[in-house]
Amino acid sequence: MNEYLLTIRNIVTLWLLCLGTSSLWAQTLEVKGRVTDDSNQPLMGVSVVVKGTTQGVSTDMEGNYTLANVPRGATLEISYIGMITQNIAVNGRSLINVQMKDENQQLDEVVVVGYGTQKKSSMTAAVSSVSAKEVQKQVTANVASALQGRTPGVEILQRGGIAGAEVNIVVRGAGSFGATAPLYVIDGAIADGLDALNPSDIESIEILKDGSAAAIYGSRAANGVVLVTTKNGKSGKTIVEVDASYSYQTPSKMLDMMNAEQWRTFANQVADNSPAYNRAPQNVNPTDPNRSTDWQDLYYRNAPMSSFNASVSGGGENSTFNTSLGYVKQEGIIIKSEYDKYNARINSTFKKGIVSIQENLGISTAKKYRLLVYVRLKFLPYL
């Protein structure tokens, strides 16, 4: 009898042990899935980790992953460079597909510093940052003109009102030898200025104001540094952009001048009060004593300005590209002064393994038409 009870006890114990083991196995499961970007293209190398543990895998070339022994109540942490990290609860599911979204860094938080990027909050040097949207708000033939009023402490002046006139940027005042021009760096290459750039090609502009820039660029940065980054394509996205703008330029102020009769009356009054001065000459056309020419109205005009831009950008798994064409036509507010500029740019990157190639090629040509007016002024004694 005792042996019979002992056998029953052993069977019950074994049954309870098997039940506990099966219950334990039921608490974990195998989770599979696929990770893609916002255009449903597979992402390779995405980190999929059980949050709070070191258990994790990376996605393969097709974006697939498999995780074994995942607790039913666990949370998966999915992360990838340039994408927003996601935390997804398992909730007993064995199939979890994930679509990642781009992480758009705001330029007021991250700035280019010549040798990489830094958060603006951690910067100790004086830096002004201007985004592409700010540059493109203003219709202008010169990128530097678009920076006016948007870079505190930086003086930006245009050399006269002639169409296509050069723009001076003064960051730190006059230098030791009278030079004021800063150092221009476009996509890492030294440039003579910003005249050849198309505003639609700009991704961001940073101006390094203080002397710490000399640690990167040497004595050439004594007058400050203007860093320009142009646009590049994004993998998995093909974007076609076309834009056009049309505006009018008008003289900001016209001088209030005398007409011929008013000038003659004033000159005769001076001569009458002082016999040493001669009276004003008579009009060469005696039949029209009030004849007068408004020279400002003759030489100034409301001048139109137009621009046309087109770009195509995109890329694949290992390469990106961005191509653009631009045309600007500016008619000066002085008659017979015009400015035409043509731009073309190709930016491309290729990276696979240890091989990395980057190309930034920009071509620009411009034509200026100027009316040369020689004016001889004769100051009469009675004036």
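Trainee: In this predicted model, which residue forms a salt bridge with K329?

Mentor: The closest N and O atoms of the pair are 3.5 Å apart, which is inside the 4 Å limit for a salt bridge. K329 belongs to strand 19, and its partner, 11 residues away, belongs to strand 20 (residues 338-352). The partner of K329 is D340.

Trainee: Is D340 buried or exposed, and what is its relative accessibility?

Mentor: The salt-bridge partner K329 counts as partly exposed at 23% relative accessibility. For a residue to be buried, the value must be under 20%. D340 meets that condition and counts as buried, with a relative accessibility of 8%.

Trainee: Which residue pairs with R301 in a salt bridge?

Mentor: The closest N and O atoms of this pair are 3.9 Å apart. R301 lies in the loop between helix 5 (295-299) and strand 18 (303-315), while its partner lies in strand 19 (residues 319-331), so the pair ties together parts that are 30 residues apart in sequence. R301 is partly exposed, with a relative accessible area of 24%. The residue that pairs with R301 is E331.

Trainee: How many residues apart are D38 and K237?

Mentor: D38 and K237 form a salt bridge, with their closest N and O atoms 3.6 Å apart. The pair links distant parts of the chain: D38 sits in the loop between strand 1 (28-36) and strand 2 (47-50), and K237 in the loop between strand 16 and strand 17 (239-249). In sequence, the separation between D38 and K237 is 199 residues.

Trainee: Which residue is linked with D38 and K237 in a network of salt bridges?

Mentor: D38 is partly exposed, with a relative accessible area of 35%, and K237 is partly exposed as well, at 22%. The network that includes D38 and K237 also includes D102.

Trainee: Where is N198 found, and what is its relative accessible area?

Mentor: N198 is found in the loop between strand 14 (189-191) and strand 15 (202-208). Leaving aside neighbours within four places in sequence, N198 is in contact with V143, N309, L325, G326 and N343. N198 is buried, and its relative accessible area is 4%.

Trainee: Which residue stands opposite I205 in strand 16?

Mentor: Of the 7 residues of strand 15, 6 are buried, so this strand is largely enclosed by the rest of the structure. Strand 15 pairs with strand 16 (residues 225-230) in the antiparallel sense over 6 bridges. Opposite I205, in strand 16, stands V228.

Note on methods: Residues are numbered from 1 along each chain as its sequence is written. This is a predicted model: local features need pLDDT of at least 70, side-chain atom pairs count only at pLDDT 80 or more; totals for chains, interfaces and linings use all residues. Side-chain values use heavy atoms; hydrogens and water are left out. Helices (H or I, at least four residues) and strands (E, at least two) are DSSP runs, numbered from the N terminus. Buried means under 20% relative accessible area, exposed over 50%, partly exposed in between (1.4 Å probe, protein chains only). Contact means heavy atoms within 4.5 Å. Two strands pair if DSSP finds at least two bridges between them. A salt bridge is a side-chain nitrogen of Lys or Arg within 4 Å of a carboxyl oxygen of Asp or Glu.
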